[in-house]
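Subject: Structure handover

Hello,

Please find below the structure I said I would pass on. My notes on it follow.

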Amino acid sequence: MVLEQKLSVAEAARRLGVGENLLHLWRKAVLRGGPHAFPGSGHLAPQEAEIQRLRAEVKRLEMERDILKKATAFFASESR
């Protein structure tokens, strides 16, 4: 409302039923972060999406490592 409709912060705050200070904080966040300022609703910021992807990959690699360790131990005991 403030950025697109050019309303004053006071008017937008009154219409939304929030404090002017909160609206100033939101405005700063939008100006700083652009479309990624408030990811919410399942939309992650690019850095958060990358972190999530990397964590999933680490988990998969750890599972593969553990399976290989167990297989090595199994075949070592079978060869005796």
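I start with one residue and work outwards. V9 has a relative accessibility of 15%, which makes it buried, since buried means under 20%. Please keep in mind throughout that this is a predicted model.

V9 and the first helix

V9 sits in helix α1, a helix that covers residues 9-16. Leaving aside neighbours within four places in sequence, V9 is in contact with V2, E20, L23 and H24. For one of these partners, H24, there is also a backbone distance: the C-alpha atoms of V9 and H24 are 7.2 Å apart, with their positions 15 residues apart along the chain.

Which residues of α1 are buried? They are V9, A12 and A13. Viewed down the axis of α1, these buried residues lie within an arc of 100 degrees, so they line one face of the helix. What they pack against is α2.

After α1 comes G17, which has a positive phi, near 75 degrees.

The second helix

Helix α2 runs over 20-33. Does its length agree or disagree with what its residue count predicts? At 1.5 Å a residue, its 14 residues should span 20 Å, and the C-alpha atoms at its ends are 20 Å apart, so the two agree. Just after α2, G34 takes a positive phi of about 60 degrees.

Two residues of α2 can be set side by side. H24, which is in this helix, is partly exposed, at 37% relative accessibility. R32 is also placed in α2, and at 68% relative accessibility R32 counts as exposed, the cut-off for exposed being over 50%.

Their distances to other parts of the chain are as follows. The C-alpha atoms of H24 and V2 are separated by 9.7 Å, and these residues are 22 apart along the chain. R32 and R80 are 48 residues apart along the chain, with 65 Å between their C-alpha atoms.

The segment before α1

K6 is found in the segment before α1. K6 has a positive phi of about 60 degrees, although it is not a glycine. Most residues other than glycine have a negative phi. Is K6 buried or exposed? K6 is exposed, with a relative accessible area of 66%.

The largest pocket

The largest pocket holds about 280 Å³ of space. Its lining is made up of M1, V2, L3, E4, A12, L16, L23, W26, R27, V30 and F38. The elements that give two or more residues to this lining are α1 and α2. Of these, α2 provides the largest share of the lining, four residues.

What kinds of residue make up the lining? Nine are nonpolar, none is polar and two are charged.

Some names recur from the paragraphs above. V2 and L23, both contacts of V9, belong to the pocket lining. A12 is one of the buried residues of α1 and is also among the lining residues.

To sum up, the buried residues of α1 pack against α2, and both helices contribute to the lining of the largest pocket.

Regards

How values were computed. Residues numbered from 1 in each chain as written. Predicted model: local features only at pLDDT ≥ 70, side-chain atom pairs only at ≥ 80, totals over all residues. Heavy atoms only, no water. 1 Å grid on protein atoms, 1.4 Å probe; cavity = no way out; pocket = protein on both sides within 12 Å on 5 of 7 lines; lining within 4 Å. Points joined across faces, edges and corners; volume = space filled by probe spheres on them. Nonpolar A, V, L, I, M, F, W, Y, C, P; charged D, E, K, R; others polar. Expected span 1.5 Å × (residues − 1). Buried < 20%, exposed > 50% of the residue type's maximum accessible area, 1.4 Å probe, protein only. Arc of directions from axis to C-beta. Contact = heavy atoms within 4.5 Å.
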